Amino acid sequence: MDTSSDEEFDGFMRGRWPSMVRLAYALTGDAGHAEDLAQTAFARAYASWGRVRRAGDPDAYVRRIVINAHRSRFRRHRVTEELRGDLTDTVGGSSQPGPEGRSELLDALDRLGPRQRAVVVLRYWLDLSEAETAAALGCSAGTVKSQASRALAALRKTASVPEQDIVEGGLR
Amino acid sequence: MSDLKEDLDRALRTVPFSEAPVERAKQYGRRLRTRRRLSVVAGAVVVAAIVAGYPALTRSGAAGPATRAVGSAKPTPKPSAGHDPVLTAGPPGGTTEAPGGLTDKSGIVAEGSISSAKWRVTVHKPGATNPVAADSCYTVTLPSGVDGTCVDLPSSLNEGLGASVPARFTGVAYLAPKSGAITQDAVIGIVAPDVTYFIVTFNHGQQLKLLPVTVGGHRYVAWVAPASMTIDSVIAHLGAPYSDSGLVAATTPWDLPGQMPVFGLWRADGQSAPPLDSGVIGSGTADGHAWKVTAYEGPWGTCFVTGPNDWECVPVKQLATTTVLGGWGGNPPEPAAFGSAARGVALVRVTLSNGKSVTARPVGVGNENLFAFAIGKGVTPVRWTAYDASGKQTGTATLRTGTATATKSASP
């Protein structure tokens, strides 16, 4: 890699690091994992930087790696993480280091199963469509719809997500 | 914006993060890149040799021993020790006939064997999990196992396909774990609607007949072969999916034993190919390292060899204009850059991004006048100026950094 594209990568990573850590945190709920995921994603982007740069949207590339890496991670840990979804009020962010003054909403996200959590993040924070969310998570659009509906209902119960914002699993 | 999005935004803004670990990420990235090149578990993808039109270049990136004798008129295939394995390739068993040709719902475009060992190539339609979401990608099942890597099929490969360009080929090479030598090539072709079938002929006479299979609205052929077997020609029989009109188009790849074939230049029946010729177009010592660039002209177009495992090809019949074609910005960096000169050009001065300039004298190779010059790491050519034998300036152009395209040119 020549000096100019190396410097370009440095600038890109420094500029986009906070938002990728936030995305990874939104997906994992764990600050340590979030930085690991984000760093891995940037490393992969660096390994193919010429191609990534030519494709014209490095941000989307790194974001996709974060999502995919998280997806593989929750597949690998599917059994334990699915169990965690059933442990309602007893599991929160307390067992893991997290940001001080975490919001009620982040605590509520922690109580969701990994897929429901990912659906909320992709669909309602990243504004992906149902089809895009389904493709990113490797499931059907119907699953996205049902998971979104359940996730929003759960969030509404435990966090102050206004009911009027929820229309059949989607947002107005 | 919904309240939930705003709430999430606000909540996630409180997430603490340390300073971006740029150097750590780069170090890990370099390791990934090295691993991509050298390690093999059931055959890791090491190079995708994509052939696009002029002025795009195809550059090799594969490790492995070069066995060509530099200076010969044509790369000479090394006689294989013992018998070559028997190859088969064809559409999968589950294809169905459709008006546009054979289709396969599962995306398998070809299956075959190398002697008794089976292989398979599968195309995956565009999707978010692909390397590029808007592109299709393909996976290869090898005799040694499944390579799960889905390799991108850039949509540019579909552009301009027709009777004059019946297919564009790309592929991946697989390395032996210990030696790093290429063991197998998997080649996939994106095929024009008016191709009936292809005949691939290897240097020892074996032939494969390939019927295109449609997946996601595009037609494909594919084959896997030992890297030791080089390809003499690929003949496209033209007409319609089920009727051969008798017209053909042929391509001869730049293919060295133990390396990936590089395709690009198609010629219609009876159309002449560039003459076979080769020659050293520049050599010297720069920063204490010797460099040499050899050009090979032939039915593949013109290929420039800058090192034992490093070459770039321009798949056109003739390079008639003055320009710097390539040889910089690669990884690892190339030792020298090269270009072509219009007739009558006796000297080319190239201004580099570090402010220095170099001069090169074009050398005749086949139909071409070619030149080469040493270029430092991280340095790019920014401008060339051509002079005739009397020293009169005959043309100049500025080069767009990172590309081999002249943005402004003057005659010749």
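This passage walks through the folded parts of a predicted model, from chain A to the sheets, cores and loops of chain B.

Chain A is a good place to start. Its secondary structure comprises 9 helices and 2 strands. Read from the N terminus, the order is α-α-α-α-α-α-α-α-α-β-β, with the two strands following the helices. Of the 172 residues in chain A, 44% are buried. Contacts can also be sorted by how far apart the partners sit in sequence. Among those in chain A between residues at least 6 apart, 51% join residues at least 24 apart.

Chain B offers sheets to explore. As general background, strands of a sheet pair through backbone hydrogen bonds, and the pairing may be parallel or antiparallel. One open sheet of chain B is built from 5 strands in the order β13-β12-β16-β17-β18, with antiparallel pairing. Its edges are formed by β13 (207-210) and β18 (266-268), each of which pairs on one side only. On average, neighbouring strands in this sheet are turned by 25° against each other, direction ignored. Within the sheet, β16 (residues 231-240) and β17 (residues 243-251) of chain B are joined in the antiparallel sense by 6 bridges. One residue pair illustrates the match: B:V234 has B:T251, in β17(B), as its bridge partner.

Another open sheet of chain B contains 4 strands, arranged as β23-β24-β28-β27, and its pairing is antiparallel. Here the edge strands are β23 (323-326) and β27 (363-365), each pairing on one side only. The average turn between neighbouring strands of this sheet is 40°, direction ignored. Strands β24 (residues 336-340) and β28 (residues 368-374) of chain B share 5 bridges in the antiparallel sense, and B:F338 finds its bridge partner in B:A372 of β28(B).

B:F338 also leads into the interior of the model. It is among the residues with the most contacts inside the largest nonpolar core, together with B:V109, B:Y220, B:A222 and B:W223. This core has 93 residues. Because domain 1 (84-266) and domain 2 (277-398) of chain B both contribute residues to the core, it lies between them. The surroundings of B:A222 give a closer look: leaving aside residues up to four places away in sequence, B:A222 touches B:V109, B:A110, B:V121, B:A186, B:V187, B:I188 and B:G189. A second, separate core has 57 residues, including A:W17, A:V121, A:A148 and B:L12. In soluble globular proteins, nonpolar side chains tend to be buried together.

A hairpin of chain B brings the description back to strands. Strand β29 (residues 381-387) runs antiparallel to strand β30 (residues 393-398), and 5 bridges join the two. In this pairing, B:R383 is matched with B:T398 of β30(B). The hairpin has 5 residues between its strands, and B:G391 takes a positive phi near 90° there.

Positive phi values also appear at residues that are not glycine. A:D127 has a positive phi of about 65° and is placed in the loop between α7 (114-125) and α8 (130-137) of chain A. Its 13 C-beta neighbours inside 10 Å make A:D127 partly exposed, since a residue counts as exposed with 12 or fewer and as buried with 20 or more. B:S115, with a positive phi of about 55°, lies in the loop between β6 (108-114) and β7 (117-124) of chain B. Because B:S115 has 12 other C-beta atoms within 10 Å, it is exposed.

How values were computed
Residues are numbered from 1 along each chain as its sequence is written. Chains are lettered from A and ligands numbered from 1 in the order in which they are written. This is a predicted model: local features need pLDDT of at least 70, side-chain atom pairs count only at pLDDT 80 or more; totals for chains, interfaces and linings use all residues. Two strands pair if DSSP finds at least two bridges between them. Axes are lines fitted to C-alpha atoms, for helices over the stretch in contact, and angles run from 0 to 180 degrees between N-to-C directions. A nonpolar core is a set of buried Ala, Val, Leu, Ile, Met, Phe, Trp, Tyr and Cys residues joined through C-beta atoms within 7 Å. Domain bounds come from an automatic or database domain assignment. Two residues are in contact if their C-beta atoms, placed from the backbone, lie within 7 Å.
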